[in-house]
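Ready for a few short exercises? Have a look at the sequence and the structure first, then work through each task before reading its solution.

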Amino acid sequence: MQPARTDTTVSPIARFGARIKGFGPVLGLLSLCIAGTLLNGDFATLDNLMNVLTRTAFIGIIAVGMTFVIISGGIDLSVGSMAALIAGCMIYFMNALAQGAGGDLAPITMLVLGIAMALVLGAGFGLMHGLLISKGNIEPFIVTLGTLGIFRAVLTYLADGGALTLDATLSELYSPVYYTSVLGAPIPIWIFLFVAAAGAIILNRTTFGRHVQAIGSNEQVARYAAINVDKVKIATYMLLGVCVGIATVLYVPRLGSATPTTGLLWELEAIAAVVVGGTALKGGEGRIVGTVIGAILLSVISNILNLTSIISVYLNAAVQGVVIIAVAFLQRGRK
């Protein structure tokens, strides 16, 4: 009796679909750019391009760190509140130095200390999240939902319900970090590109990156493979915290202040950028390049809404929410 033959022929349409699957975000971005140009001629100007990329930089940097967390099977809902608290602590600390606590320190030294403090705080908050999740065996959703409220409440307390404003001298010295251009592009864009490139190298070319993907794919198998799961998880949240710190360092000189609404809904935008870029919400798979494209795509959507008034700009967060739900629907069963 002859064994049954199985038809393994793949149709040309199926092969084409598999080939372009990874280019979905790119095609979406190109389509949006064409639509934006047709709807408003100002969309395609160099000034508007720089504005979109600068706006993307803050969320994009955070989204790079969020990519590692989501690939490992985690989530962080607190990044917006974390950025707000870090900004408030930076300003509070630098103002204290400027008002005499710093002794004879030069203003530039005060700025350097404030920037260092932001990065240390970001790493510290990430470490706290990682320990509570890995060692405390608490779901990431619960931990970061709790700290979302804690971080913003502490900032509101420090600001007494109002705003923390950076000392005028320090603000004038600090503002070029946001407003100065290098080779025609604002500094935040260059920092974003550097963070994205570093993230891509770490994810794709290092043992740590392979461990992150292995844990997200199957945590139990990763443990059997002698991967220190808890250590890797803690490191991913610390990496995200540092990314939040970097984004905050670039954001503070923009306005020179921090309020209880600073960083509001940044977590929504960062998660949306990651999932639109193709990272599986269930973990185990993702690309930094996709995250970068996803972040730019969301900024382009917002920019088009601002330029064309197709719908109210107040519905921008609603659009991002719809995008997250739609992508999650399309990712059903994906692992």
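**Exercise 1.** Decide whether Tyr-178 is buried or exposed.

*Solution.* Keep in mind that we're working with a predicted model. Start with the number: the relative accessible area of Tyr-178 is 15%. Next, bring in the cut-off, since buried means under 20%. So Tyr-178 is buried. Phe-58 can be handled in just that way: its relative accessible area is 4%, so Phe-58 is buried too.

**Exercise 2.** Work out how the rings of Phe-58 and Tyr-251 are arranged.

*Solution.* First the distance: the two ring centres are 5.4 Å apart, and rings pair if their centres lie within 6.5 Å. Then the angle: the planes of Phe-58 and Tyr-251 sit at 85 degrees, and over 60 counts as edge-to-face. So this pair is edge-to-face. Now place the partners: Phe-58 belongs to helix H3 and Tyr-251 to helix H12 (residues 229–255), so the pair ties together parts that are 193 residues apart in sequence. Tyr-251 is buried as well, at a relative accessible area of 13%.

**Exercise 3.** Find out how many aromatic pairs there are, and which residues the ring pairs link into a cluster with Phe-58.

*Solution.* The count comes to seven aromatic pairs. One of them is Phe-58 with Tyr-178, a stacked pair with 5.9 Å from centre to centre and 10 degrees between the planes. This pair links distant parts of the chain, 120 residues apart: Phe-58 in helix H3 (residues 46–71) and Tyr-178 in helix H8 (residues 176–179). Put the ring pairs together, and Phe-58, Tyr-178, Tyr-179, Tyr-251 and Trp-266 are linked into a cluster.

**Exercise 4.** Explain why helix H13 is largely enclosed by the rest of the structure.

*Solution.* Helix H13 covers residues 266–276. Check its residues one by one: the buried ones include Trp-266, Glu-267, Leu-268 and Glu-269. Carry on to the end and you get 11 of the 11 residues buried, so H13 is largely enclosed. What comes after it? H13 is followed by Gly-278, which has a positive phi, near 105 degrees.

**Exercise 5.** Say where Asp-230 is placed and which residues it touches.

*Solution.* Asp-230 is in helix H12. With 15% relative accessibility, Asp-230 counts as buried. Leave out residues up to four places away in sequence, and Asp-230 touches Ser-134, Lys-135 and Arg-223.

Conventions:
Residues numbered from 1 in each chain as written. Predicted model: local features only at pLDDT ≥ 70, side-chain atom pairs only at ≥ 80, totals over all residues. Heavy atoms only, no water. Phe/Tyr/Trp six-rings, centres within 6.5 Å; stacked < 30°, edge-to-face > 60°. Helix = DSSP H or I, 4+ residues; strand = E, 2+ residues; numbered from the N terminus. Buried < 20%, exposed > 50% of the residue type's maximum accessible area, 1.4 Å probe, protein only. Contact = heavy atoms within 4.5 Å.
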